[in-house]
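Trainee: Could you take a close look at one helix here and tell me how it sits against the rest of the chain?

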Amino acid sequence: MKTEYIVLKEAVLTNNCPECYSTEGMVLSFKQQRVKTKLLTKTKANIIESINCNKCESQIFPGQWTADIERVYNYHKKTITRISSSIRFSPLFYGILIFFILLVVAGVYIFLNK
């Protein structure tokens with residue numbers, strides 16, 4: 001099982017960082033989780049949001065946000081378009097499914113011809 005994140009939107013913020021008070025380097029990102037296995041690929045509905053400061057290399061949690069950061073966050077949250085949650089099956093899944101259907105049909109054919 002492999003988990004990857006689809007970046008829906010990344011925005012560079014010019015607000016002051018609550019940790020280092022720098023006006024450069026804060027990045028707001030919205031990501032959606034996708035889980036891949038050998039049989040299927042599942043995109044989950046939940047969106048992971050984070051604000052990171054690249055200058056002091058810290059994550060800014062919602063309790064540390066100022067009113068300005070909150071306004072910018074709400075604006076960018078309205079502009080994202082999420083990918084609908086879905087499940088896609090791989091060719092290996094369909095191959096196994098066809099194999100088992102053929103196995104059942106062969107078993108019924110042999111049982112009826114005895």
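Mentor: Let's go through the helix first and then the core it feeds into. A word on the model: it is predicted, so local features need pLDDT of at least 70 and side-chain atom pairs count only at pLDDT 80 or more, while totals for chains, interfaces and linings use all residues. Residues are numbered from 1 along each chain as its sequence is written, and side-chain values use heavy atoms, with hydrogens and water left out.

Helices (H or I, at least four residues) and strands (E, at least two) are DSSP runs, numbered from the N terminus. H1 has 13 residues, which at 1.5 Å a residue should span 18 Å (1.5 Å times one less than the residue count); the end C-alpha atoms are 19 Å apart, which agrees.

Now its faces. Ile69, Tyr73 and His76 are buried, meaning under 20% relative accessible area with a 1.4 Å probe, protein chains only. They cover an arc of only 70 degrees around the axis, so they lie on the same side of H1; that arc is taken from the directions from the helix axis to the C-beta atoms. On the other side, Ala67, Arg71, Tyr75 and Lys78 are exposed, that is, over 50%.

The buried residues pack against strand E1 (2–13), E2 and E3. The largest nonpolar core (buried Ala, Val, Leu, Ile, Met, Phe, Trp, Tyr and Cys joined through side-chain atoms within 4.5 Å) has 13 residues. Strand E2 (26–36), strand E3 (40–53) and helix H1 (67–79) each give it two or more. Met26 is among those with the most contacts inside this core, and Ile69 is one of its contacts (heavy atoms within 4.5 Å).

Key
Lists of a residue's contacts leave out its neighbours within four places in sequence.
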